[in-house]
Amino acid sequence: MTRLAPLLVLVLSAVAAAAPSPSHRLTGSDESLWLVRSGERAFDLAAKLPNKDWNAVARELGGELVTAAAIDKNLHAFFRQGGLYVIYDMEGNALPGLSPRGVHRWDDNTPPVAICAGKGLAGAPQDALVAIVQRPAGPIPAPPTRPSRTTAPATSPATAPTTAPTTAPTTRPGHFSDPGPPRASVTASPSTQPVPRSASGQPMQMVNLAVYEALGSSWEYVDETQGVLLAREHRILPVVVGDVLYILIAQGPDSRLLAWDQRTRWRSVPLGQALDGSLPLAALNVHGRLTLLAASPPAAPEQATQPSQPASDRLQVSLHTLAIAEEGFTSQTIRLAGSPLLWSADALPTAAVLADQIALLWQEQGQTRMGYCDLSGEIPAVHDSDAFAGPDRGNGDLYLQIFRYLLLAGAFTMMFLMRPRTLPKPFGLPPSQGPAPIASRFLAGLLDFLPFMFLASGAYLVLLPPGTNVDQHARQIMEGTVLPDALAWCVISGMTGFLLYSTLMEFYFQATLGKMLFRLRVVGDEGRKPSLREVAARNLMKVIALSFSLFLLGIYALFMLLTRMRQGLGDMVARTTVTTEVRPGPVSPKPPEPDDDQVD
């Protein structure tokens with residue numbers, strides 16, 4: 001098997017190079033699991049909490065995502081464009097991350113090649129972001145002095161090489177130097193030196209890998225490897241376990257595992273036969289232990305769970321867990337119902353940790369499949385899990401916010417047009433009319449408003465994709481995690497319809513259907529019929545209160561209790577109120593006027 005390892009990896013690498021780049025990427029933490037689905041020019045985000053369903057956080061986000069990692073309930077992402085760093089929360093909000101501008105040996109336009117969660121490398125007391133930045137190979141200058149950690153001595157100017165080394169580069173104490181594959185002899189000139197190539201024939205270059213950790217409001221330089229041979233196809237898979245940073249350089253038979261801690265700095269961890277003939281997929285921290293996932297041809301294809309598939313097209317995935325004190329790896333094949341679970345070579349799973357479980361997600365026959373396992377490798381069940389089948393947050397919040405701002409602009413315009421030219425007299429009613437009871441006004445308003453909300457809800461249910469779980473969808477909406485575009489437009493349409501209905505009914509009939517049922521009327525000052533501008537202003541203020549929150553609606557209604565004529569906030573702006581007829585009581589006889597002749 002050892003002799004066949006390079007050939008097997010060449011086959012796997014050729015298949016991976018011919019197939020499109022993986023469009024799905026998982027990253028997780030103890031509190032959340034994130035899925036990034038990348039397209040040609042945009043990407044989608046979905047997230048889930050432990051024992052919860054997926055939530056489509058955002059879709060069609062622009063930019064080319066280079067690397068991403070979950071920390072707590074947030075997703076930290078770096079983009080290729082200018083090294084932009086953005087933090088996404090589970091509601092789809094995007095916040096700018098720390099800028100690397102001015103950080104030691106980090107070009108602020110260069111994104112990291114990989115990031116992960118970790119703490120303690122540079123003194124962070126809690127989970128922080130660790131970034132691996134690729135730099136041109138060369139001597140490493142001394143980092144800036146930081147009292148919180150000891151800095152390894154730098155190469156002195158007197159001993160620093162003046163030209164690029166042709167053999168293994170000189171390192172300063174405490175730094176790792178990777179000789180890589182054999183290269184040209186010392187006597188060969190730079191122009192005649194053969195270019196090092198990977199197992200698949202790709203050209204390689206010598207680089208340094210610098211490590212940074214986000215501390216509070218700044219990035220801190222941790223350390224740096226010197227002289228690592230990398231090709232474009234190679235992947236950097238970092239993971240922090242305890243206070244040790246492991247970096248898996250995934251490059252087929254030349255895969256290497258580097259480790260760094262405060263005591264020993266850089267060292268190489270022997271892989272043994274853990275990744276022999278395998279294609280590395282992920283490096284994870286599971287139960288405080290380093291776990292590597294790698295794909296390889298199955299040892300016994302006839303015992304797999306997909307016996308009908310050709311053995312040459314199916315690969316198994318194994319968990320390789322580093323033993324305590326780094327004394328070798330123990331391996332377990334991922335299994336389903338006791339048999340190895342096999343994957344197509346062009347649809348290998350992406351993996352991440354969620355609450356000490358390993359989550360695996362892959363594509364199979366056009367369906368998204370998902371399963372969970374622990375370090376035993378046993379998956380209890382595999383289920384369909386389309387994280388983006390649910391509702392899309394889209395721009396629903398933005399549309400609703402714009403609608404509210406337009407309502408406020410309309411209200412201020414009405415108030416400006418209706419401002420009195422002189423000091424107004426107190427609002428009054430004729431003796432035959434009195435303020436309507438608050439309970440009657442509330443019930444009448446409820447009867448008028450509910451039909452529009454039922455119509456808006458029904459229209460949205462019609463627009464839902466077939467097969468949508470309505471109960472789950474409604475729960476997500478109530479929890480505030482989802483506000484799809486279609487729902488926002490239905491709400492806006494319902495509110496606009498209610499505003500037009502109330503305004504026209506009160507202008508032509510001085511009452512809506514609900515008010516007619518309770519024998520209520522809308523009147524202006526002295527009981528006159530209100531103008532169109534007045535009924536529009538009072539209903540506009542009512543819709544503003546309904547569209548913002550129940551708290552503002554309560555303030556709107558509180559004015560009815562505090563004013564003599566039971567005027568709501570809209571009534572006070574428009575100088576209107578809602579009245580009911582007052583039945584006249586018995587009129588007492590008027591006393592006779594005295595006769596002038598009887599007056600002495």
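Student: Is Q205 buried, partly exposed or exposed, and what is its relative accessible area?
Tutor: This is a predicted model. Q205 lies in strand β11. Buried means under 20% relative accessible area and exposed means over 50%. Q205 falls in between, so Q205 is partly exposed, at 47%.

Student: Which residues does Q205 contact, leaving aside neighbours within four places in sequence?
Tutor: One of them is L229, which is 24 residues away in sequence. The C-alpha atoms of Q205 and L229 are 5.4 Å apart. The full set for Q205 is Q134, V228, L229 and L230.

Student: In what sense do β11 and β12 pair, and over how many bridges?
Tutor: β11 covers residues 204-215. One bridge sets E213 against E220 in β12. The two strands pair in the antiparallel sense, over six bridges.

Student: Which residue in the hairpin of β11 and β12 takes a positive phi?
Tutor: Two residues lie between these strands. The phi in question is near 60°. The residue is G216.

Student: How many residues of β12 are buried?
Tutor: Strand β12 runs over residues 218-224. Buried means under 20% relative accessible area. The strand is mostly covered, and of its seven residues the buried ones number six.

Student: Now β25. Which of its residues are buried on each face?
Tutor: Strand β25 spans residues 350-354, and five of its five residues are buried. Both faces are covered. One side has T350, A352 and L354; the other has A351 and V353.

Student: Which residue in β26 stands opposite V353?
Tutor: β25 and β26 (residues 357-364) pair in the antiparallel sense over five bridges. Their hairpin has two residues between the strands, and A355 there takes a positive phi near 55°. Opposite V353 stands I358.

Student: On to the helices. Which element gives the most to the nonpolar surface patch?
Tutor: The patch covers about 660 Å² and is made by L500, L504, Y508, F509, L513 and M516. Two elements give two or more residues: α5 (485-509) and α6 (513-517). With four residues, the top contributor is α5.

Student: Is F509 buried or exposed?
Tutor: F509 lies in helix α5 and belongs to the nonpolar patch. Exposed means over 50% relative accessible area. F509 has 52%, so F509 counts as exposed.

Student: Is Q567 buried or exposed?
Tutor: Q567 lies in the loop between α8 (550-562) and α9 (569-574). Buried means under 20% relative accessible area. Q567 has 10%, so Q567 counts as buried.

Student: Which residue has its backbone oxygen 2.9 Å from a polar atom of the Q567 side chain?
Tutor: Not counting residues up to four places away in sequence, Q567 touches F427, F559, M560, M572, R575, T576 and T577. One of these supplies the backbone oxygen at 2.9 Å. That residue is T576.

Student: What share of the residues in the chain count as buried?
Tutor: The chain has nine helices and 32 strands. Its accessible surface comes to about 30800 Å², with 59% belonging to carbon and sulfur atoms. Of its 600 residues, the buried share is 45%.

Student: Of the contacts with a separation of 6 or more, what share joins residues 24 or more positions apart?
Tutor: Contact means heavy atoms within 4.5 Å. Within the chain, contacts with a separation of 6 or more form the base. Residues 24 or more positions apart account for 60%.

How values were computed
Residues are numbered from 1 along each chain as its sequence is written. This is a predicted model: local features need pLDDT of at least 70, side-chain atom pairs count only at pLDDT 80 or more; totals for chains, interfaces and linings use all residues. Side-chain values use heavy atoms; hydrogens and water are left out. Patches are made of residues with over 30% relative accessible area and no salt bridge: like charges are joined within 9 Å, nonpolar side chains (Val, Leu, Ile, Met, Phe, Trp, Tyr) within 5 Å. Accessible areas come from the Shrake-Rupley method with a 1.4 Å probe; for residues, only the protein chains shown count as cover. A salt bridge is a side-chain nitrogen of Lys or Arg within 4 Å of a carboxyl oxygen of Asp or Glu. Buried means under 20% relative accessible area, exposed over 50%, partly exposed in between (1.4 Å probe, protein chains only). Two strands pair if DSSP finds at least two bridges between them. A polar contact is a pair of N or O atoms within 3.5 Å; within protein, one must be able to donate a hydrogen and the other to accept it, and residues adjacent in sequence count only if both atoms are side-chain atoms.
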